[in-house]
Amino acid sequence: MPNSDAQTVIETPADVADRYALEIINVSKHFDDVAAVNQVSLSIDKGEIFALLGGSGCGKTTLLRMLAGFETPSAGDIKINGVSVLHSPPYQRPVNMMFQSYALFPHMTVEQNVAFGLKQDRMPKAEIEVRVTEVLELVQMTRFRRRKPGQLSGGQQQRVALARSLAKKPALLLLDEPMGALDKKLRMQMQLELANIIESVGVTCVMVTHDQEEAMTMADRIAIMDQGEIMQVGAPRQIYEFPNSKLTAEFIGSINLFEAVAAFDVASGGAAPCRLECAELPCTVVSNETDSRFAGPCYVALRPEKISLETSLEPADNNWVRGKIDDIAYLGSHNVVHVRLETPAGKTKIVQVHVSNFARHAKSLDFEQAVALSWEPEAVVLIKAEAA
Amino acid sequence: MRAARVMLVAGLVFLYFPLLVLIIYSFNESRLVTIWTEFSVKWYIELLQDEQLMGAFFLSLQIACATAFMAVLLGTIAAYVLVNFGRFPGQTLFSSMIVAPLVMPEVITGLSLLLLFVGLSELLGWPASRGAMTIWIAHVTFSVAFVTIIISSRLREMDGSLEEAAMDLGATPLKVFFVITLPLIMPALVSGWLLAFTLSLDDLVIASFVSGPGASTLPMVIYSSVRLGVSPKINALATIFVGMILVGSFLVWWTMQRWQVYATDKKAAEG
């Protein structure tokens with residue numbers, strides 16, 4: 001009975017054990033000579049929904065499989081509730097996983113699927129019955145308890161898979177691409193529903209996804225992974241508004257990046273806003289950033305929805321450029337307007353701007369029309385240029 | 001469309017007309033296999049009284065059953081190792097040696113096994129004489145190849161995360177095999193069993209090589225009796241066989257239908 005074993009150990013007094021449900025300490029995994037996961041350290045609070053977000057091959061799935069016990073780390077340690085699980089096989093860890101394919105046992109009914117884990121713990125039959133009913137009610141699948149997985153729709157299978165992984169009350173719930181097998185419409189609905197169920201149960205959850213919308217909808221915190229390393233960890237809003245690297249900025253949403261050199265007025269004692277000279281923008285950029293660690297080469301990052309597009313060409317001192325409309329993409333909810341700028345270096349640079357349908361009609365935008373772009377100083381995010 | 005239908009009918013007639021003729025003539029009164037006189041079941045009665053034929057029939061059934069069970073057991077283990085153990089030293093050699101009997105001419109398999117048994121009995125005194133036991137060993141040797149291929153393809157098709165999910169829920173690897181893997185590959189075990197059974201029942205060449213005095217399988221007896229002229233008893237025996245095969249394949253089809261319900265649409269799940 002692995003779960004009860006783990007619980008007896010939890011009671012040993014350790015401050016850290018009370019704080020974090022999961023600690024990943026300097027974990028690396030090498031396949032032959034390639035590092036799939038490289039020196040990853042993460043601490044995840046109790047009851048938190050944490051998303052590992054990254055493209056394919058970034059190591060997120062390998063990391064998840066190490067938590068479940070299907071892969072052994074080459075180095076580092078994994079602690080659940082303060083206890084190292086490094087040497088426990090998957091069937092002894094207080095961890096349950098919802099697989100991308102759901103992995104429901106096709107030869108068992110919904111009920112038998114959910115009861116499977118409890119049976120392995122030799123729970124008395126009556127208790128199993130009660131617990132199965134409880135979790136099936138939680139996911140609203142009680143009506144289908146006698147069906148086989150093959151007779152359920154994708155969304156229903158997902159609910160059963162979730163019920164099965166919650167049945168044993170795991171210390172840690174793992175979700176592998178939870179929406180991967182659903183169509184887009186169902187995805188939106190299930191994202192919120194799944195997050196609500198997980199929150200109502202209060203289980204700590206680590207999910208893996210390549211879909212940023214999914215991560216932002218469901219997770220309390222997100223870690224962006226690339227090439228086996230964690231690039232940035234933070235709340236969805238923090239990651240979107242303040243990306244700390246070019247990679248994160250480009251990975252989440254769309255963004256306009258301009259190479260720039262930041263200059264700080266040191267005499268003002270850090271109170272004056274930072275002024276930037278951009279090789280790719282024919283104007284002076286002013287930002288609210290006062291942290292002088294950005295001094296020197298950096299990127300100016302501007303989200304397309306934070307740039308305003310005007311047809312009047314009244315010039316402003318800074319944060320103002322003039323360009324011509326190169327292309328307009330109609331996306332239903334809004335339009336993405338590509339504006340072509342002439343850079344001081346004599347090249348052209350395309351800037352993406354989001355324009356609402358209403359504004360597009362009011363301004364009757366057309367190709368090759370001259371427009372002006374402007375933005376507020378607080379919209380400017382600085383990203384330190386990586387040391388080449 | 002019309003031409004296709006004609007071709008289909010022609011093909012079916014070509015395949016099944018001889019069988020039909022054989023069944024009809026098994027109820028013929030005449031001694032001559034080609035001339036119809038009147039309806040009679042006397043060849044069936046004579047068949048039941050023919051100790052040599054009946055003995056060979058039961059020996060063949062025994063060998064075929066024993067072969068099928070052994071081949072499924074060994075084939076399952078071999079397939080499981082091949083599919084689930086990843087790369088191991090000598091894996092390529094192992095997998096090609098397992099399928100080698102598929103492409104080996106029967107005469108060569110038979111001859112080499114005969115040489116092996118003769119050599120063994122000279123060296124170790126075992127097997128003391130050749131007979132049902134040596135035929136069984138020989139049949140297992142070549143039918144394991146077929147069974148392994150059937151089972152390993154089924155194992156490969158299986159969603160590997162099913163086994164991982166069972167382990168994740170607390171089942172030990174051994175338990176996972178018996179509670180998850182085995183039920184899911186059962187259809188492959190059944191078809192493997194049937195194939196091994198048929199191969200063994202059917203085999204004449206290898207059995208002739210490795211058999212000894214007193215152990216004649218059905219194909220051996222039929223073959224030698226046909227050389228002396230076809231007896232209508234053989235027709236009767238063949239009719240019984242066809243009947244058994246019909247009943248057997250219906251039962252298999254019926255069980256498979258029930259198993260179909262279990263089989264998930266793997267593609268839908270992967271989407």
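1. Start with the contact between the two chains. In this predicted model, chain A brings 26 residues to the contact and chain B brings 23. Together the two chains bury about 2,300 Å², and carbon and sulfur atoms account for 64% of that area.

2. Now for the polar side of that chain-to-chain contact. There is one salt bridge between chain B and chain A. You can find it at B:Glu164 and A:Arg65, whose side chains meet at 2.7 Å, N to O. Eight residue pairs are also in polar contact between chain B and chain A, counting pairs with both residues at pLDDT 80 or more.

3. Which elements of chain B give two or more residues to the side that touches chain A? They are helix 7 (160-168), helix 8 (173-202) and helix 12 (266-270). Helix 7 of chain B gives the most, with seven residues. By class, the side of chain B that touches chain A has 13 nonpolar, five polar and five charged residues.

4. Next, look inside chain A. The domain assignment splits this chain into domain 1 (2-244) and domain 2 (254-384). Taken over C-alpha atoms, the centres of these two domains of chain A are 41 Å apart. The contact involves six residues of domain 1 of chain A and five residues of domain 2 of chain A.

5. How much area is buried between domain 1 and domain 2 of chain A? The figure is about 500 Å², with 45% of it from carbon and sulfur atoms. On the domain 1 side, three residues are worth picking out: A:Tyr240, A:Glu241 and A:Pro243 supply 82% of the area that domain 1 of chain A buries against domain 2, more than any other three residues.

6. A:Glu241 turns up again in the polar part of this interface. A:Glu241 forms a salt bridge with A:Lys306, and their closest N and O atoms are 2.4 Å apart. The rule finds one salt bridge across the interface of the two domains of chain A. Three residue pairs there are in polar contact, both residues being at pLDDT 80 or more. The side of domain 1 of chain A that touches domain 2 has four nonpolar residues, one polar and one charged.

7. Chain B has its own pair of domains. Domain 1 of chain B covers 18-49 + 230-262, and domain 2 of chain B covers 55-212. Their centres, taken over C-alpha atoms, are separated by 29 Å. Six residues of domain 1 of chain B and eight of domain 2 of chain B take part in the contact.

8. What share of the area buried between the domains of chain B falls on carbon and sulfur atoms? It is 94% of about 620 Å². The count of salt bridges between domain 1 and domain 2 of chain B is zero, and the count of residue pairs in polar contact (both at pLDDT 80 or more) is zero too. On the side of domain 1 of chain B that touches domain 2, there are six nonpolar residues, no polar and no charged ones.

9. One last stop: aromatic pairs. Over all chains, the structure holds 14 of them. Take B:Phe69 and B:Trp193, an edge-to-face pair with 5.4 Å centre to centre and 70 degrees between the planes. B:Phe69 sits in helix 3 (residues 51-84) of chain B and B:Trp193 in helix 8 of chain B, so this pair ties together parts that are 124 residues apart in sequence.

Conventions. Residues are numbered from 1 along each chain as its sequence is written. Chains are lettered from A and ligands numbered from 1 in the order in which they are written. Side-chain values use heavy atoms; hydrogens and water are left out. Domain bounds come from an automatic or database domain assignment. Contact means heavy atoms within 4.5 Å. Buried area is the accessible area (1.4 Å probe) that two parts lose on being put together, summed over both. A salt bridge is a side-chain nitrogen of Lys or Arg within 4 Å of a carboxyl oxygen of Asp or Glu. A polar contact is a pair of N or O atoms within 3.5 Å; within protein, one must be able to donate a hydrogen and the other to accept it, and residues adjacent in sequence count only if both atoms are side-chain atoms. Ala, Val, Leu, Ile, Met, Phe, Trp, Tyr, Cys and Pro count as nonpolar, Asp, Glu, Lys and Arg as charged, and the others, Gly among them, as polar. Helices (H or I, at least four residues) and strands (E, at least two) are DSSP runs, numbered from the N terminus. Rings of Phe, Tyr and Trp (its six-membered ring) pair if their centres lie within 6.5 Å; planes under 30 degrees apart count as stacked, over 60 as edge-to-face and the rest as tilted.
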